Structures are given as structure tokens and as C-alpha cells.
Amino acid sequence: MAFVDVNACTACGLCAPLCPALCIESLAAGVVTGRDPQPGQIRFHECVGCHVCVEVCTHLAGVEAIRAYDANLAEQVLSTEIGDRPEPAGVAPEAWDELWAEGGGFHHMGEGSRIASLLGPADRALLDNERLGSS
Ligand code: SF4
Ligand code: SF4
């Protein structure tokens with residue numbers, strides 16, 4: 001799952017709209033003193049670990065403020081339990097959902113994902129590299 005380093009985040013806002021789980025938001029005003037706009041945070045219980053935000057922050061924002069961590073490690077450090085099932089009601093579909101998934105309320109970049117089929121060779125190489133790096 002992904003976490004934002006608030007000290008490194010420049011609050012550019014590029015990552016939030018590209019998160020398929022829509023779980024990236026700005027911290028509330030005043031949380032980090034002297035920062036306006038506030039840096040981002042990830043509602044990690046909702047994160048599906050797709051790495052899109054890691055790629056966006058690294059390659060589009062050029063910042064590397066988001067890193068992905070092993071979920072078991074995060075549970076241990078944060079003393080919390082993170083489920084591995086989607087919410088029973090699913091996620092309300094958005095107009096752009098068809099780019100991410102072949103129907104249904106679940107977002108993915110695997111088989112059947114239209115956005116995955118639209119990736120060019122350079123994008124695929126980046127994704128493959130990220131997957132290799134995370135294994
Ligand atoms: S892309 Fe990176 S720098 Fe920009 S808001 Fe997201 S975490 Fe912050
Ligand atoms: S890893 Fe994917 S689901 Fe998790 S915060 Fe980043 S873009 Fe959203």
C-alpha cells in the first residue's frame with residue numbers, strides 16, 4: 001500500500017485524480033504548519049496497491065514523495081488490520097471506469113483493463129520495472 005511523505009510532497013495535485021480508488025486527498029488546512037495548499041495523504045485502508053500514484057509522483061511530478069510498502073508491515077507498524085476484500089457495496093462507477101475495468105465496480109490494470117491495453121511500450125516497461133522492483 002502507498003503512503004505519502006508529507007515533507008517531500010509539493011502538493012502539485014497530480015496524483016489524486018489518477019488514483020483508481022480515489023483514496024488520495026489533501027490534509028486538512030493547518031495540519032502541516034506553514035503549508036498551503038496542504039500535502040496529500042492516502043486513506044490507506046482504501047488503497048488497492050496499484051502503484052499508479054507512485055509512478056505519477058515519480059515520473060510526472062518528479063518528486064518521489066509516494067512509496068509503496070508491504071501491507072503486513074504497515075499493519076504491524078500502525079497496529080491496525082487492513083482487509084483484503086472490497087467494500088460489500090463496491091465503489092460507485094464513474095464515467096471513466098470503463099477505462100480501468102471491464103464492467104463491475106473494481107479497478108485493476110490486469111486482464112480486461114482497457115487502460116492497460118492502451119499503454120504504449122514505454123509505459124509497459126515502466127510498469128514492468130515497478131512490478132519487478134516491488135517483488
Ligand atoms: S504527485 Fe507527489 S508531489 Fe504531487 S501531490 Fe501527489 S504526492 Fe504530492
Ligand atoms: S497505490 Fe493505487 S490505490 Fe493506492 S493510493 Fe496509489 S493510486 Fe491509489
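Here are legends for a set of close-up views of this predicted model.

A quick note before the pictures: residues are numbered from 1 along each chain as its sequence is written, while chains are lettered from A and ligands numbered from 1 in the order in which they are written. Since this is a predicted model, local features need pLDDT of at least 70 and side-chain atom pairs count only at pLDDT 80 or more, but totals for chains, interfaces and linings use all residues.

**View 1. The whole chain, element by element.** The protein has 5 helices and 4 strands. Helices here are DSSP runs of H or I with at least four residues, strands are runs of E with at least two, and both are numbered from the N terminus. Walk along from the N terminus and you meet β-β-β-α-β-α-α-α-α. Of the 135 residues, 16% are buried, a word that takes 20 or more other C-beta atoms within 10 Å of a residue's own; 12 or fewer makes it exposed, anything in between partly exposed, and the C-beta atoms are placed from the backbone. Now take the contacts with a separation of 6 or more: residues 24 or more positions apart account for 57% of them. Two residues are in contact if their C-beta atoms, placed from the backbone, lie within 7 Å.

**View 2. The surroundings of ligand 1.** Look for 16 residues around ligand 1, with Cys9, Cys12, Cys15, Cys57 and Ala61 the closest. To be near a molecule, a residue needs its C-beta atom, placed from the backbone, within 6 Å of it. The shell around ligand 1 sorts into 13 nonpolar, 3 polar and no charged residues. For these classes, Ala, Val, Leu, Ile, Met, Phe, Trp, Tyr, Cys and Pro are nonpolar, Asp, Glu, Lys and Arg are charged, and the others, Gly among them, are polar.

**View 3. The surroundings of ligand 2.** This time there are 14 residues around the ligand, and Ala2, Cys19, Cys47, Cys50 and Cys53 come nearest. Its shell holds 12 nonpolar, 2 polar and no charged residues.

**View 4. The loop between β1 and β2.** Three residues to find here are Gly13, Ala21 and Leu22. The strands on either side are β1 (2–4) and β2 (24–26). Ala21 is buried because 20 other C-beta atoms lie within 10 Å. Its C-alpha atom is 9.2 Å from that of Cys50, although the two are 29 residues apart along the chain. Leu22 has 15 C-beta neighbours inside 10 Å, so it counts as partly exposed. Its phi is near 50°, a positive value in a residue other than glycine. Gly13 is partly exposed too, because it has 13 C-beta neighbours inside 10 Å. Between the C-alpha atoms of Gly13 and Ile24, 11 residues apart along the chain, the separation is 9.4 Å.

**View 5. A cis peptide bond.** Check the bond from Asp36 to Pro37: it's cis, with omega near 5°. Pro37 sits in the loop between β2 and β3 (40–42). For background, most peptide bonds are trans, and most residues other than glycine have a negative phi.

**View 6. Helix α1 and what follows.** In α1, the buried residues are Val52, Cys53, Val54, Val56 and Cys57. Just after α1, Gly62 takes a positive phi of about 70°. Glu64 has a positive phi as well, about 60°, although it is not a glycine. You'll find Glu64 in the loop between α1 (52–60) and β4 (66–68). Is Glu64 buried or exposed? It counts as exposed, because it has 12 C-beta neighbours inside 10 Å.
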